[in-house]
Amino acid sequence: MPSLPVLTDRAPLARGDVSAHEWNDWRWQLRNMLKSAADLERFVRLSRRERDGLAASAGMFRVGLTPYYASLMDRDQPSCPIRMQAIPSPRELEVTDAELRDPLGEDTHSPVPAVFHKYPDRCLLLAVDRCAIYCRHCNRRRLVGGDDPTTRAELDEGIDYIARTRRIRDVLISGGDPLLLSTRKLDSILGKLSAIDHVEIVRVGTRVPVVLPQRIDDELCRVLRAHQPFYVNTHFNHPKEITPEAREACERLVDHGVPVGNQAVLLRGVNSSVRCMRRLMRELLKMRVRPYYLFQGDTVVGTDHLRTPVAEAERILAGMRGWMSGMAIPHLVLDAPGGGGKIPIGPDYVVSRSPTEVTLENYRGHIVTYPEPRERDCTVPYDEIYFAGEPEDDDREGSAEAGL
Ligand SMILES: *Cc1c(COP(=O)(O)O)cnc(C)c1O
Ligand code: SF4
């Protein structure tokens, strides 16, 4: 790898033969991903544990990150949240009995190789198996960064499945990181999906705004906008990741008419404090990224050390709700081991219920009672007219029939 320029004051990089032009070129960033201790040493003073983790990672989940993301690392502190997300810990080797290769039971909800179809009206389309970082907490480590990429035939088969499965209204393009595909290829996939009548919205899940913001150029934004309604969900985990470059990438998407949401993962010792989460959510809103999910850690192999107790997750959310803008509050969810899907978890504000009143606790811990109304029937008479002739909008049967 060539030596890197001093483009920011974040990391004292070696002065050398990389121009600003190259640094700002997303393909250069990908070609020069850091993979080894020697690569990382250009940015940080590796600790012994990090060295051990890197040495041990050979047979586990691959290491890789962009020079851009590495430039955010704290050179001297191994507790740096950027380092902890990108550099393996030797504890990844300590696999517990509870940990699974496929914690969310996705492989058993896969009607064709490139599709996971778990919920009634929406599915995941795996478009690519590469990422611009291999996150140490990745719940799809069995699929990404390996040597079994989604083939063009599998992708077409996936799109065919979506086209013939009429209850799918929402397609979430995932992977891997779909924004690593060429703009032309994305345009073609999005074109095929938007040609399907019953597909109402398309979304993409991507860490590119966080780890490779250079990729979000005007051309890409125009293509994404052309396929509206199209949504981006990204994955910021720490306020330190919100740099001028990341901000520019998110604002560019939004300015082009592409709404951006955030799905953060709660990571023990990385972002597992009220203070850190509050700052993250506020900074996201400032760049018009709407917090969407906060995930309790999945039980994926080698990540036990990164998970928080559920009660801690609930405590952190309680430290946010009511104390800051409601716009800043994500849904705290636990994705059920085995494939049950996402389940919202606490804190629970309802203390007790009776037919006449509900007792609740507010965010400050004060008890309030809410008197129930006398009428209980909530039928909407106008539904009969507004939805005349349409079947009842209940897909519970539909998914059972396909065994999904
Ligand atoms: C998360 C997920 C979705 C999308 O879920 P939303 O709650 O609608 O964001 C769809 N399919 C699978 C398999 C998922 O894991
Ligand atoms: S970017 Fe997403 S898919 Fe890729 S390694 Fe990170 S969490 Fe996994």
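These are my notebook entries on how two domains meet in this structure and on how three strands pair.

**Entry 1: the model and its domains.** I began by noting that this is a predicted model, and I then looked up how the chain is divided. The domain assignment gives domain 1 as residues 12-93 and domain 2 as residues 107-344. Taking the centres over C-alpha atoms, I found 23 Å between domain 1 and domain 2.

**Entry 2: the area between the domains.** I next asked how many residues of each domain are in contact with the other. The lookup gave 28 residues of domain 1 in contact with 36 residues of domain 2. For the area buried between domain 1 and domain 2 I noted about 2700 Å², with carbon and sulfur atoms giving 61% of that value. On the side of domain 1, I wrote down Trp26, Phe61 and Gln85 as the residues that lose the most area to domain 2, and together they account for 30% of what that side buries.

**Entry 3: polar and charged pairs across the interface.** I then turned to the pairs that cross from one domain to the other. Between domain 1 and domain 2 the rule finds two salt bridges, and I counted 15 residue pairs in polar contact, with both residues at pLDDT 80 or more. Looking next at which elements supply the side of domain 1 that touches domain 2, I listed helix 2 (26-31), helix 5 (67-70) and helix 6 (81-86) as those that give two or more residues. Helix 6 gives the most to that side, with five residues. When I sorted the residues of this side of domain 1 by kind, I obtained 17 nonpolar, six polar and five charged.

I also looked up a single salt bridge by its residues, and found that the side chains of Glu92 and Arg141 meet at 3.3 Å, N to O.

**Entry 4: strands 7, 8 and 9.** My last lookup concerned the strands. In which sense does strand 8 run beside strand 7, parallel or antiparallel? Strand 7 (residues 289-295) and strand 8 (residues 331-336) run parallel and are joined by three bridges, and I noted Leu294 standing opposite Leu332 in strand 8.

Strand 8 pairs with strand 9 (residues 341-344) in the antiparallel sense, over four bridges. Here I found Asp335 opposite Lys342 of strand 9. The hairpin that strand 8 and strand 9 form has four residues between the strands, and in this hairpin I recorded Gly338 with a positive phi near 95°.

Technical notes. Residues numbered from 1 in each chain as written. Chains lettered and ligands numbered in written order. Predicted model: local features only at pLDDT ≥ 70, side-chain atom pairs only at ≥ 80, totals over all residues. Heavy atoms only, no water. Domains from an automatic or database assignment. Contact = heavy atoms within 4.5 Å. Buried area = accessible area lost by both parts, 1.4 Å probe. Salt bridge = Lys/Arg side-chain N within 4 Å of Asp/Glu carboxyl O. Polar contact = N/O pair within 3.5 Å; in protein donor to acceptor, adjacent residues only side chain to side chain. Nonpolar A, V, L, I, M, F, W, Y, C, P; charged D, E, K, R; others polar. Pairing = 2+ DSSP bridges.
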